[in-house]
Amino acid sequence: MTNCSAEPLGVLYSWIPRGLRAEEIVFLPDACPGKSPLPTGTAVLTRQPDWRRFAVSDCGCGMRLLRSDLDRADLDRRRWDAVADRLRANRGRLGDLGGGNHFLDALAPDDGGPIHFLCHTGSRQESGLVDALVDRPAEFDREFARVSAWARDNRAAVQEALEAVFGRLEPVLDVSHNGYEERADGAVILRKGSVRLLPGELAVIPSHMSGDAVLVRATPRIAELLCSMSHGTGRVMSRGDVKPLADAFDFQALRRRILVPDAIADASFRTEGPYAYRELDDCLLLVDGYVTVERRFSVVAYLGHL
């Protein structure tokens, strides 16, 4: 076991699902248990024949980072509201942002470069179609690939909604953080809430709706983590435990710092507030040596819970 989380080993062992026979398990900074068989923020190396029963849940969920030619002054409330309207109109079809912790952020680079956009979408309803196929490998693999392609297409449709308002955008990366990798030696790497990241490749790590995000590049040591990296900084408090902090949080001050459409009610993202997530620098300390920071961004606009 490799522990890059802030949790003690005893807690991590309690999160390992019954029946999993793994040769290696990596716990990343955003490790936490959830409804899926594997905890979020994990990478697992296994050779057991029935590994597919641990690979279900939100397959293809991922993030797309886009670079624009826009200055900070080009991002105003009118245009941001127009993007929200387009995404809201896509509900139930491609271009649906979804709920929960899925979001669209506008990011300003600390070096003064152009605005970037970061889109995080899932495939929860679509990916449920693989659940009944875990004992039929060929069908499972075909459906998993189809749903993962659907998830990429969904992020592409979010990009189209952005481009309708802001003009052409250049993709920097598009990576899934729920998937599997079959190796030539017969082993399989399962990734839940973690991205496949080879030495020299780029990944993005966001923190929370008003925190920083970073573009990172993998070092050769990433191989020690099964070539996997955290897809976020991770929650420090469950959705069920955040109510006292949400009650005391100044959401109006948050709205003065970042653009949030008035149509998105404070109550809709109480469980996803900044207080629920680890700060970025604390996360980076946990993966020090495995990645280097290429660029740092601050969130200047947020869309979610449409």
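Me: Which residues line the largest cavity?
Reply: Ser36, Leu38, Phe54, Ala55, Val56, Phe144, Asn178, Gly179, Leu190, Arg191 and Lys192 line the largest cavity. A cavity is a set of points, on a 1 Å grid over the protein atoms alone, where a 1.4 Å probe fits but cannot get out; lining residues have an atom within 4 Å of a point.

Me: Is this model predicted or not, and how are residues counted?
Reply: The model is predicted: local features need pLDDT of at least 70, side-chain atom pairs count only at pLDDT 80 or more, and totals for chains, interfaces and linings use all residues. Residues are numbered from 1 along each chain as its sequence is written, and side-chain values use heavy atoms, without hydrogens and water.

Me: Which elements give two or more residues to that lining?
Reply: β8 (178-182) and β9 (188-192) do. Strands here are DSSP runs of E with at least two residues, and helices are runs of H or I with at least four, numbered from the N terminus.

Me: Which one gives the most?
Reply: β9, with three residues.

Me: What volume does the largest cavity have?
Reply: About 60 Å³. That is the space filled by probe spheres set on the points, with grid points joined across faces, edges and corners.

Me: New topic. Do β2 and β3 run parallel or antiparallel?
Reply: Antiparallel. Six bridges join β2 (residues 22-32) to β3 (residues 40-46). Strands pair if DSSP finds at least two bridges between them.

Me: Which residue in β3 is the bridge partner of Ala22?
Reply: Thr46.

Notes
On a 1 Å grid over the protein atoms alone, a cavity is a set of points where a 1.4 Å probe fits but cannot get out, and a pocket is an open set with protein on both sides within 12 Å along at least five of seven lines; lining residues have an atom within 4 Å of a point.
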